[in-house]
Each structure stands twice: as structure tokens, then as C-alpha cells.
Amino acid sequence: MMLKSRPVLQSRSRPLSLCQWSTAAAASHVVRASLNERPIWPGKGGKRTEPQRVGSDAAAVDQEKGRLSPVKGPGGTSQPGRGASSAGRSRPQQGAETTLSPEELMGLITSCRDLHSLDEVIMDHGRRFNHRHVSAAMNKVVKVQRRNQVAVAQEMMRDLSVLALRELSKMNARSLSSVLWALGKVGGPVNPALVQGILVRTKEELASFNAHDISNLLWGMAMLHVPANGLVQEVMGDATRILPQFVPQALGNTLWALVTMEITLDGLFLQEWLTCAVKKLPDFSAENLSSTLLSAAKLGIKDEAFIATWLTSKLGIEDDAFNAAWFSVAKQKLFDFNAQDLSNALYAAAKLGIEDDAFNAAWFSVAKQKLFDFNAQNLSNSLWAAATMGIKDEAFNATWLSVAKQKLFDFNAQGLSNSLWAAAKLGIEDDAFNAAWLREAMQKLPDFIPQALCNSLWAAATLGIEDEAFNTTWLSVAKQKLPECIAQCLSNSLWAAAKLGIKDDAFNAAWYSVAKQKLFDFNAQELSNSLWAAATMDIHDEAFNATWLSVAKQKLCNFNAQELSNSLWAAAKLGIQDEAFNVTWLSVAKPKLSYFNAQGLSDSLWAVSKLGIKDEAFNAAWLSVAKLKLLDFNSLDRSKIMWATAKLGIKIKAFTAT
């Protein structure tokens with residue numbers, strides 16, 4: 001009995017309003033300001049010293065932090081500067097300070113090769129920075145920071161944000177977009193006043209934004225989770241006009257940013273984007289190729305009707321032009337894909353339902369060599385994608401199992417559920433993996449969302465994994481989450497429980513209480529499987545059965561051969577008699593009898609006889625089909641047929657004469 005199951009999708013929290021975001025960012029900013037001071041840079045001879053500072057005697061001294069503090073200017077007003085060190089070094093007299101031209105200052109910033117030298121420039125000359133200097137310094141932080149300098153880089157960005165806020169009114173499009181891009185790139189807490197100020201100034205300067213500026217602005221907003229607040233729609237309007245000017249990286253980053261911010265894309269923008277992307281795909285990097293297809297997949301997840309329109313070229317785009325071009329380019333560059341890119345690419349292709357045999361073959365060839373670099377999420381998503389597309393590669397599966405066993409501890413609840421679901425779909429059976437999976441899942445079951453819970457039990461049932469401790473824990477967690485289950489989850493969970501022989505009165509009572517309210521949402525497969533499960537576990541619920549009949553009568557025309565056979569068999573097992581249902585069942589089943597397998601034929605005739613249904617036309621059609629499949633019947637099937645034909649008065653020699 002095949003049971004389709006949907007994977008668990010990555011959930012995303014609801015976007016914050018600008019007010020909520022500002023409050024959260026401000027709180028984070030305050031917390032960051034209270035953290036440890038910036039590390040003192042190593043000096044000569046290995047001694048830890050603080051960089052020399054050059055400034056006015058009137059400079060305010062921040063004894064505790066050694067960070068930017070107001071410096072009194074000639075008119076007595078405060079100007080951003082850098083406080084003296086906690087060691088108490090004094091600044092030289094103001095007259096001793098070297099006065100540099102704006103061009104010389106820019107030269108100093110661009111010549112820095114590390115955070116240490118850049119930090120000295122900021123401390124010595126920060127109060128003389130204009131908006132271009134601030135933007136250049138922030139971008140330099142991004143370029144020269146090393147992996148172990150994240151905290152230092154974020155602290156420097158906090159200080160530079162003070163200068164940026166001062167220069168905000170003078171910033172042009174390039175500076176505004178570059179500052180927001182740099183803040184997003186470095187990450188960490190940001191100054192909410194600066195971000196809000198940039199958004200306000202962006203509206204004022206939007207007409208002067210070019211392709212590069214728009215791409216950086218949107219990417220920065222997405223990275224910082226800044227609420228769109230209507231601004232993005234205005235930006236998209238301008239972007240649509242100049243999309244042909246976007247370089248490949250800007251095209252990729254822009255689509256990724258819009259999808260990440262959950263922006264509804266209008267048809268005109270998407271049409272123009274696709275047209276431009278198809279032409280420039282050969283110049284896309286591996287990362288951009290991966291992110292663009294993933295973005296397209298996310299669009300499909302958010303609005304299936306929209307993506308269907310897109311792919312069927314109702315927007316005026318040649319059918320599958322983008323997909324064809326993407327796969328053509330990606331095949332040549334797959335070896336440049338890192339683990340994340342590889343995982344994203346296959347996941348996105350699976351989500352969009354795009355299958356390309358040549359691409360798949362190349363993907364598996366490359367992925368097998370890089371599987372050890374896959375993290376837990378990459379492993380889970382890649383196997384899920386392979387299962388969704390029905391791709392079975394024994395060598396890949398074997399390597400996947402070897403790597404996954406070592407990293408199962410890092411799998412989250414969703415990853416665990418998706419990986420076992422995929423293994424079940426692909427028929428991958430490995431006792432060591434199953435045992436390791438059960439150990440991890442037992443500890444994380446409370447974190448499983450309803451769909452993940454149902455998918456995991458479905459997979460366990462499909463693979464024949466029986467573990468009493470797991471089942472007990474599963475039942476305990478599932479009972480609490482049943483009200484949140486959708487129709488598919490409810491059907492799958494009862495089906496799996498029946499397959500595994502799990503009987504729990506409290507769970508069953510809770511299941512029926514919830515299912516009765518949601519039966520109208522059940523599709524044909526879910527209706528058939530739920531009644532089959534009830535019959536298998538011999539659960540009688542009159543109210544459920546009555547509602548089930550009412551719904552099933554309306555949807556019987558959508559039942560396939562197996563679902564028709566299972567539903568009538570279950571009705572007979574439970575003693576459900578309903579003449580209207582039986583008549584409808586016969587009218588739907590007769591034309592589909594040729595699609596019934598041997599078990600379906602024997603079960604359906606047994607059910608017809610058990611329910612006392614007499615229909616000569618059905619019996620004749622049944623015999624005609626059964627004669628062609630005589631060799632497929634096993635002993636149990638033959639036993640049911642002999643009993644049913646005797647009960648119905650069908651002459652057995654008419655059945656055996658072949």
C-alpha cells in the first residue's frame with residue numbers, strides 16, 4: 001500500500017513590523033554595547049598594547065571601554081572621536097595632529113590590509129570622516145576581517161555606525177546602499193536609528209539608485225531582516241526599468257533578497273528578471289546558480305498557482321526557457337559548487353518538479369565526492385530531494401548512510417523526520433542507521449512539529465521499524481499535537497499505527513475527536529487509508545463512520561483502484577451498510593476494474609459478498625478481468641474468491657475455465 005507523504009518544510013517566523021524590529025534591534029544593540037571591550041591588538045615583541053591615538057587634548061576620555069566618545073570641536077560642539085585608552089595614554093596637542101585632505105584620508109582607508117591598521121585610522125581620523133569615508137571604512141571591514149575576528153569587526157561597525165548616523169543627511173545612493181550592505185555582511189546587532197534613517201533617506205534618493213545600489217540595498221535589508229514597510233515595492237518599480245543593467249551577481253542577489261523578505265513579486269518584474277537571467281546565466285557563479293534556483297523553489301512553496309503560471313509561460317516567457325538555460329549552465333559548473341550549493345540545487349529542482357537526467361547524473365557524480373563536507377541540513381535536504389524525484393543511486397545512498405550516521409547528532413527534528421521519510425521512499429534499509437536514528441529521535445521527539453511526527457511514524461511503518469520505546473514516546477507527544485494536524489497527517493498517523501500494530505485507546509479517542517471535524521478536508525487517499533486503518537485495528541466509531549460516508553460519496557470519483565478496493569474492504573470489515581454509497585461505489589469501480597491488482601480484486605469481491613451487494617454487471621466485469629490475472633492470485637486471494645463466489649452464486653467453473 002503506497003502512501004504519499006509531503007516533506008516538512010522549513011518554517012519561518014512571521015516578519016516583524018518596523019516598530020517591532022526597531023525595538024528588538026535596539027534591545028540587541030544595548031546588550032552588545034555591554035559586552036566585553038574590543039581586544040587589545042598585539043604590539044611589538046608580542047606584548048599586548050593598544051594602538052596609539054592622535055587627537056585633541058579636549059578629547060573626552062572613555063576610561064571603561066576605549067571606544068568612540070564625543071570630542072569637542074572648535075565651536076564647543078561634540079564631534080565623534082576616539083577616547084583615550086584605559087591605560088591612560090594622553091593625546092598629543094591639537095596642533096600636533098596631521099591634517100589630511102579627504103583624498104588622503106580615502107587613501108589611508110583603502111590601503112589598510114587588516115583590521116588593526118584600519119582601527120588605527122578610524123581612531124586617529126574618524127572625526128574627520130565624511131559619508132564616503134564611513135562607507136569605505138565599513139566596506140573595508142568586510143574585506144579584511146578574518147574568520148576569528150567576527151566580534152572585533154562587529155564592534156568596529158558599531159563605532160562606525162555612530163559616524164554614519166552623523167553623516168546620514170549627506171549620504172548619496174552609493175553610500176546608503178553600501179553601508180546597509182556592509183552591516184548585513186558583518187552581522188550582529190545594528191544601530192536601529194541608523195537603519196531607519198537609511199530607509200528614510202533611500203526614499204528621498206531612490207531616483208538616483210543604480211543597479212548596483214538597488215541590489216546591495218535589498219540584500220542588506222534581507223540579511224538584517226528589516227521589515228519592507230512598502231519601500232521594497234517602490235524599489236522594485238525602479239529596478240524593473242533597469243534590470244538589463246544588473247550584473248549576474250546582482251540579479252541573483254536581488255531575487256534571493258526579495259524571496260527571503262517574502263515579497264510578492266509582480267508579473268512584470270519577474271518577467272523582466274527571467275529574461276535578463278536567461279541571457280546572463282553562463283556568467284553566474286556556482287553560488288548564484290544555487291541561490292537563484294532555490295529562490296525559484298521558494299516562490300513555488302509560497303504560491304503554487306503563481307509558479308505554475310510562471311512555468312507554463314503565461315507571463316509571455318518561452319516555456320521552461322529559464323530552467324533549460326539554468327541546467328545547461330549548471331551542468332558545466334557543478335564541480336565548483338560547494339556542499340551547500342549542491343544541496344540547495346537538488347532541493348530546489350525537486351521542489352519545482354524539474355527533472356533533467358543529465359544534470360542529475362552530473363550532480364550525483366560530484367556530490368558523492370563531496371558528501372563528507374555536507375552538514376546535517378545538507379544531508380537531509382539532498383536525500384529528501386532524491387526521494388522526491390525518485391532517483392535511486394546505490395553508491396550515493398551507501399556513502400550518504402556512512403556520513404549521516406556520524407552526523408545524526410547534529411540533525412534537528414525536521415532533518416531527522418525528512419531523512420527517514422526519504423529513506424523509506426527510496427527503500428533504503430540499514431539497521432545501524434535505523435538504530436542511530438531512533439536514539440536521536442527519541443530525545444528530540446518533543447521538538448517535532450505535527451507533520452514531522454506523522455511522517456516519521458509513516459516512514460517507520462514503511463521500513464518495518466518496530467521499537468516499543470519509540471512508539472510509546474511518539475504516542476505521548478502526538479496526543480498533545482493532534483489538534484494541529486492537517487488531514488494528511490491524521491490519515492498517515494492512523495495508517496502507520498495500524499501497520500505497526502500500535503493500539504492505544506487514549507490516542508485513538510483523541511484521533512477520532514479531531515478527525516471528525518476535519519474529514520471534509522481529506523482527499524481520496526486519506527479517506528481510504530483512514531477507514532482501512534480503522535478496520536485493521538477494529539475501531540468502531542459510528543459518528544466518524546457516518547461522516548466518512550457522507551464525505552466519501554462526494555469524492556468517490558477521485559478514488560483510484562487501490563483506494564476503491566481498500567475502502568469497500570474496510571466498510572465490510574466494520575459492518576458499514578449504506579446503499580447509496582454501495583451504488584456509487586459500483587458505478588465508479590466498474591470502469592476501473594482492469595486497474596485492480598490481484599489483492600484488490602479478491603478483496604473487492606469478498607467485500608461485495610460480505611455486504612450482500614448483488615450486481616450482475618459488476619460480477620461479469622469482475623470475472624472478465626480476473627481471468628486475465630489468474631496467475632497473480634496467491635492462496636489467500638483464491639480462498640477469498642472461492643468464499644465470495646459461493647456466497648454470490650457465481651459459478652466457479654466460469655472463473656476457472658481458462
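Is Glu-262 buried, exposed or partly exposed? Glu-262 is partly exposed, with a relative accessible area of 27%. The legends below take a friendly tour of this predicted model, and Glu-262 turns up again along the way.

**Figure 1. The whole protein contains 32 helices and two strands.** Of its 658 residues, 56% count as buried. Take the contacts between residues at least 6 apart in sequence: 79% of them join residues at least 24 apart.

**Figure 2. Helix 8 meets helix 10 in a left-handed crossing.** Two packed helices are described by the angle between their axes and the distance between the axes. Here the axes of helix 8 (residues 211-223) and helix 10 (residues 248-260) come within 8 Å and cross at roughly 35°. On the helix 8 side, look for Ser-215, Leu-218, Trp-219, Ala-222 and Met-223. Their partners in helix 10 are Ala-250, Asn-253, Thr-254, Trp-256, Ala-257, Leu-258 and Thr-260. Sorted by class, this contact of helix 8 with helix 10 has eight nonpolar and four polar residues, and no charged ones.

**Figure 3. Helix 10 also packs with helix 11 (residues 267-280), at an angle of about 145°.** The two axes lie 10 Å apart, and this crossing is left-handed. Helix 10 brings Pro-248, Leu-251, Thr-254, Leu-255 and Leu-258 to the contact, while helix 11 supplies Phe-269, Trp-273, Cys-276, Ala-277 and Lys-280. These residues divide into eight nonpolar, one polar and one charged.

**Figure 4. Two loop residues have a positive phi.** Most residues other than glycine have a negative phi. Glu-262, in the loop between helix 10 and helix 11, is not a glycine, yet its phi is positive at about 60°. Asp-538 is not a glycine either, and has a positive phi of about 55°; you will find Asp-538 in the loop between helix 25 and helix 26.

**Figure 5. Helix 24 spans residues 505-518 and packs against four named neighbours.** From first C-alpha to last, its 14 residues reach 20 Å, close to the 20 Å expected at 1.5 Å a residue. At the N-terminal end, Asp-504 acts as the cap of helix 24, with a side-chain oxygen 3.3 Å from the backbone nitrogen of Ala-506. The buried residues of helix 24 are Phe-507, Asn-508, Trp-511, Tyr-512, Val-514, Ala-515 and Lys-518. An α-helix has 3.6 residues a turn, so residues three or four places apart point the same way. The buried residues of helix 24 pack against helix 22 (468-481), helix 23 (487-500), helix 25 (524-536) and helix 26 (542-555).

Definitions and conventions: Residues numbered from 1 in each chain as written. Predicted model: local features only at pLDDT ≥ 70, side-chain atom pairs only at ≥ 80, totals over all residues. Heavy atoms only, no water. Expected span 1.5 Å × (residues − 1). Buried < 20%, exposed > 50% of the residue type's maximum accessible area, 1.4 Å probe, protein only. Contact = heavy atoms within 4.5 Å. Polar contact = N/O pair within 3.5 Å; in protein donor to acceptor, adjacent residues only side chain to side chain. Axes fitted to C-alpha atoms, helices over the stretch in contact; angles between N-to-C directions. Left-handed = near helix turned anticlockwise from the far one by under 90°. Nonpolar A, V, L, I, M, F, W, Y, C, P; charged D, E, K, R; others polar.
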